[in-house]
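Work through the exercises below with the sequence and the 3D view open. Try each task before reading its solution.

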Amino acid sequence: MRWPLSAFAAILVAVVACTHAGTVSASSGAPHYEVFAIRYATIERFPTSGLIAGADTSRRQDIAMMVWLARVPGGRNVLMDAGFYRDKFVNRWKPKDYERPSLAIARVGLKPEDVTDIIVSHIHWDHLDGADLFPRARMWIQRDEYEHYIDSAGRARSTTIDSADATMLATLARAGRVQLIAGDSVEILPGIRVYTGGKHTFASQFATVETDAGAVVLASDNAYLYENLERHRPIAQTLDSLSNLRAQERMGRLAGAPRLIVPGHDPAVFTRFPLPGSGVARIR
Ligand SMILES: [Zn+2]
């Protein structure tokens with residue numbers, strides 16, 4: 001079933017024109033989004049050495065499990081990543097304060113069917129698994145990421161992707177709900193652009209989102225913690241440490257301000273941006 005994916009990719013850029021409410025930038029005409037981090041769980045006492053290359057192996061810290069929302073009031077509701085919900089993950093990782101990502105978005109007034117798009121930063125279980133909780137969303141994933149990890153029959157090519165998640169994403173692709181992105185620096189939606197090079201997985205991506213405060217960078221796991229960014233340390237789980245560092249440097253050039261780079265698992269997101277609260281941070 002290779003052909004449908006190719007067909008979807010071919011119409012990749014053609015489908016993005018649409019109207020938007022909300023602020024519009026004078027230069028590009030692209031909408032300005034509101035960006036939120038939404039915390040749906042905590043995993044306690046995670047080894048820091050699994051996040052930051054070379055970290056002291058005795059260090060442990062709680063990590064935040066998040067999805068990120070970019071929305072234009074009256075327009076699109078775009079998630080970066082979808083979290084997890086299948087029992088096997090919940091049972092294995094025993095997250096604290098867990099709430100299904102599809103329910104956690106009620107804290108910003110959304111229902112699952114309100115989500116129009118999901119940018120899949122990479123295929124790890126804690127970012128991809130929840131994709132099928134959002135019945136109307138279109139998935140945006142790098143073609144190289146998809147084809148590296150999922151075969152033409154919809155099976156996992158490696159243990160990096162969970163087999164159930166591979167089947168789920170392939171099923172969404174057959175239903176016409178997956179857009180494969182052709183590489184680096186692609187504006188997938190007006191005001192939202194994705195970038196490769198972070199090398200957390202084969203073709204992991206991060207995104208910039210235009211806001212009134214300037215471009216927000218949603219790093220996902222291409223930078224796990226503020227410590228990666230601020231101490232210039234590659235992530236511990238990367239296929240290419242140098243490429244990861246270059247990607248983090250690039251995030252710094254792309255962001256409207258250093259504070260607008262949002263790392264993938266740092267609980268400090270919710271103290272640096274304490275409002276509106278209840279596990280929701282408005283990035284600005
Ligand atoms: Zn993660």
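The exercises go from the whole chain to single residues, and the model is a predicted one.

**Exercise 1. Confidence**

Task: Find which stretch has a pLDDT below 50, and decide how to treat it.

Solution:
- Start with the average. The protein has a mean pLDDT of 92. At least 70 is reached by 90% of the residues.
- Now find the weak part. Residues 1-22 fall below 50. In the model this stretch still has 34 contacts beyond near neighbours in sequence.
- Apply the general rule. Where pLDDT is low, the predicted coordinates should not be read in detail.

**Exercise 2. Overall dimensions**

Task: Compare the radius of gyration of the protein with that of a compact globule of 284 residues.

Solution:
- Take the reference. A compact globule with 284 residues would have a radius of gyration near 19 Å.
- Take the model. The protein has 17 Å, which agrees.
- Add the extents. The C-alpha trace spans about 50 × 45 × 35 Å along its principal axes.
- Add burial. Of the 284 residues, 45% count as buried.
- Check the contacts. Among those with a separation of 6 or more, 65% join residues 24 or more positions apart.
- Count the elements. The protein has nine helices and twelve strands.

**Exercise 3. A five-stranded sheet**

Task: Trace the open sheet that contains β9, and say which strands stand at its edges.

Solution:
- Write the order. It is β7-β8-β9-β10-β11, with mixed pairing.
- Find the edges. β7 (186-189) and β11 (261-263) each have a single partner strand, so one side of each lacks a neighbour in the sheet.
- Note the twist. Neighbouring strands are turned by 25° against each other on average, direction ignored.
- Begin at β7. Three bridges link β7 to β8 (residues 192-195), and the two run antiparallel. Leu189 has Ile192 in β8 as its bridge partner.
- Move to β9 and β10. They are antiparallel too, over five bridges. They form a hairpin with two residues between them. Thr208 stands opposite Val217 in β10.
- Finish at β11. β10 and β11 run parallel and share three bridges. Here Leu218 is the bridge partner of Val262 in β11.

**Exercise 4. Cover and core**

Task: Identify the helix that lies across β8, β9, β10 and β11, then look for the best-connected core residues.

Solution:
- Name the helix. α8 (residues 241-254) lies across β8, β9 (206-211), β10 (214-220) and β11. α8 runs at about 160° to β10.
- Check β10. Five of its seven residues are buried.
- Turn to the largest nonpolar core, which has 73 residues. Ile38, Trp68, Ile118, Val217, Leu218 and Val262 touch the most other members.
- Ask for the main contributor. Strand β2 (residues 60-71) gives the largest share, eight residues.
- Follow Trp68. Beyond four places in sequence, its contacts include Val35, Phe36, Ala37, Leu79 and Met80. Leu218 and Val262 are also among them. That pair was met above as bridge partners.

**Exercise 5. Asp126**

Task: Is Asp126 buried or exposed?

Solution:
- Locate the residue. Asp126 lies in helix α4 (residues 125-128).
- Count its neighbours. There are 23 C-beta neighbours inside 10 Å. The cut-off for buried is 20 or more. Asp126 therefore counts as buried.
- List its contacts. Leaving out residues up to four places away in sequence, Asp126 touches Met65, Gly83 and Phe84.
- Set a distance. The C-alpha atoms of Asp126 and Ala37 are separated by 15 Å, with these positions 89 residues apart along the chain.

**Exercise 6. Backbone details in loops**

Task: What are the phi values of Asp97 and Ser185, and where is the cis peptide bond?

Solution:
- Take Asp97. Its phi is near 55°, positive in a residue other than glycine. Asp97 sits in the loop between α2 (87-93) and α3 (101-104). With 12 other C-beta atoms within 10 Å, Asp97 is exposed.
- Take Ser185. Its phi is also near 55°. The loop here joins β6 (178-181) and β7. Ser185 has 12 C-beta neighbours inside 10 Å, so this residue counts as exposed.
- Find the cis bond. The peptide bond from Leu275 to Pro276 is cis, with omega near 5°. Pro276 is in the loop between α9 (269-272) and β12 (280-282).

Key:
Residues numbered from 1 in each chain as written. Predicted model: local features only at pLDDT ≥ 70, side-chain atom pairs only at ≥ 80, totals over all residues. Pairing = 2+ DSSP bridges. Helix = DSSP H or I, 4+ residues; strand = E, 2+ residues; numbered from the N terminus. Axes fitted to C-alpha atoms, helices over the stretch in contact; angles between N-to-C directions. Contact = placed C-beta atoms within 7 Å. Core = buried A, V, L, I, M, F, W, Y, C linked by C-beta atoms within 7 Å. Rg over C-alpha atoms; globule rule 2.2 N^0.38 Å. pLDDT = per-residue confidence, 0-100.
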